[in-house]
Amino acid sequence: MSIDCRHDVAGLELAELELGLEALGQPRFHARQIFQWVHKRGVTDFSEMSDLARDLRAALALQFRIGTPDVARQERSSDGTTKFLLRLEDGQLIESVFIPDTPANTFCLSTQVGCAMRCGFCLTGRMGIVRNLTAGEIAGQARVLARELHMLGSRFNIVLMGMGEPLHNYDATMKALRILADEHGFGLSPRRMTLSTVGVLPALERLATEPLMPNLAISLHATTEDQRDMLVPVNRKYGLKDLLDACRRFPIKRRDRITFEYVLLKDVNDTPEDARRLVKLLSGIRAKVNLLPLNEAAGIPFERPSDERVNRFAKVLADARVTVSVRKSRGRDIRAACGQLITESTREKSPGQVLANLMSV
Ligand code: SAH
């Protein structure tokens, strides 16, 4: 595979692109036009930028490329959820998912190829980490999905709940959010963005100081240190108590709340006692809880609880006046649901791999 050394304009913020034009001896204002062509109109070739002089287009193509993931495959679920398998420039594969009407149209984006967090119930974790995505690759997923779904120019939300841990790829993730927020591109309001994290504490503290603040979702999943050590191994480094203290300090705006995700695993963390502990843990935090009954998958050593057990858990929270919702699984028939994102190449070599990973959990 040949390596393209030209700079990727899709991964540049507008101010950086302006500097790039200056370095080419060109006026800065062209940066805005280029940014619009790439992010608003989904153009992938400088030759299509018809309001730029021919010479400039040629000069740009010598210095820059417009890195764009290729659609390797698309699968549409009976509920309209569509999973995209995207091939990156170095051949690595990632998945992104379009979830319609939840109530907004939502793009679920990946931040890494694979994931280092190895949560015990998540298939992506089984892959281990392959590499971080660049800002251009993270924002590029929204660009490609919008183009494929004929949604360029229409509104959507993004959730960073695909493959990877966003706070383990902090700089690229935040840069991608700034690119998506730029009014000359998608102009996506931070209110339409949700960053979901296991709680990598130093990065969470840093997020608290950002000018661009997405909604925050914390993958909690357990109510004691021991239980969380087992399910979310990063807890051994950044424990539950410290995580909740960081959430208490987190600067959320007046009417906003932190979402706590809680995957329900039969007979592991789904008892009324767990629910009561969760209520206690969240006291003093403006929180809402999103329950995720496990999406089962081969190689995942846990089971999904019955609806009755899920409802009983939810009722304990609701009775204690904690706002609670149960996530409806979308796209399960195409393995596009939470925790089911894993690329085929990894699926194929999975039996031995899964066994090795199971033994290391
Ligand atoms: N790394 C981020 C984003 C991951 S995916 C994070 O952990 O938050 C988004 C959510 O799906 C997380 O809460 C994750 O724990 C959850 N999830 C993972 N596997 C799942 C499964 N098999 N069933 C249900 N939810 C799952």
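The axes of helices are lines fitted to C-alpha atoms over the stretch in contact, and the angles between them run from 0 to 180 degrees between N-to-C directions. Two packed helices are described by the angle between their axes and the distance between the axes. The structure analysed here is a predicted model. In this model, helix α1 (residues 14-23) packs against helix α2 (residues 30-40) at an angle of about 125°, and their axes are 8 Å apart. Angles over 145 degrees count as roughly antiparallel and those from 65 to 115 as roughly perpendicular; α1 and α2 are therefore oblique to each other. Their crossing is right-handed. On the side of α1, the residues in contact are L14, L17, E18 and L21, which meet H30, A31, R32, I34 and F35 of α2. Sorted by class, this contact of α1 with α2 comprises six nonpolar residues, one polar residue and two charged residues.

The strands are considered next. Ten strands form an open sheet with mixed pairing, in the order β3-β4-β5-β6-β9-β10-β11-β12-β13-β14. The edges are occupied by β3 (70-76) and β14 (323-326), each of which has a single partner strand, so one side of each is left without a neighbour in the sheet. From one strand to the next, the twist averages 20°.

Several pairings within this sheet can be described in detail. Strand β6 (residues 106-108) runs parallel to β9, and three bridges join the two. In this pairing, F107 stands opposite I158 of β9. Strand β9 also pairs with β10, again in the parallel sense and over three bridges. Here L160 stands opposite L195 of β10. At the β14 edge, strand β13 (residues 287-293) and β14 run parallel and are joined by four bridges. The residue N290 has S325 in β14 as its bridge partner.

A second helix pair is formed by α5 and α6, whose axes come within 8 Å and cross at roughly 45°. Angles under 35 degrees count as roughly parallel; α5 and α6 are therefore oblique to each other. The crossing in which α5 passes α6 is right-handed. From α5, the residues A135, I138, A139 and A142 take part in the contact, and from α6 the residues A172, T173, K175, A176, I179 and L180. By class, eight nonpolar residues, one polar residue and one charged residue make up the contact of α5 with α6.

Aromatic rings were also examined. A pair of aromatic rings is described by the distance of the centres and the angle of the planes. The structure holds four aromatic pairs. One of them joins F156 and F186, with 5.3 Å from centre to centre and 80° between the planes, an edge-to-face arrangement. This pair links distant parts of the chain, as F156 and F186 are 30 residues apart. F156 lies in the loop between α5 (135-148) and β9 (157-160), whereas F186 lies in the loop between α6 (170-181) and β10 (193-197).

A third helix pair consists of helix α10 (residues 272-281) and helix α11 (residues 307-319), whose axes come within 9 Å and cross at roughly 30°. As angles under 35 degrees count as roughly parallel, α10 and α11 are therefore roughly parallel to each other. The crossing of α10 and α11 is right-handed. In this contact, P272, D274, A275, R276, L278 and V279 of α10 meet R312, F313, V316 and L317 of α11. The residues in the contact of α10 with α11 fall into seven nonpolar, no polar and three charged.

Within this last pair, V279 of helix α10 may be followed individually. Leaving aside residues up to four places away in sequence, V279 touches V316, L317, A320 and V322. Two of these partners, V316 and L317, are among the residues of α11 that meet α10. The C-alpha atoms of V279 and A318 are 9.5 Å apart in space, although V279 and A318 are 39 residues apart in sequence.

Definitions and conventions
Residues numbered from 1 in each chain as written. Predicted model: local features only at pLDDT ≥ 70, side-chain atom pairs only at ≥ 80, totals over all residues. Heavy atoms only, no water. Pairing = 2+ DSSP bridges. Left-handed = near helix turned anticlockwise from the far one by under 90°. Contact = heavy atoms within 4.5 Å. Nonpolar A, V, L, I, M, F, W, Y, C, P; charged D, E, K, R; others polar. Phe/Tyr/Trp six-rings, centres within 6.5 Å; stacked < 30°, edge-to-face > 60°.
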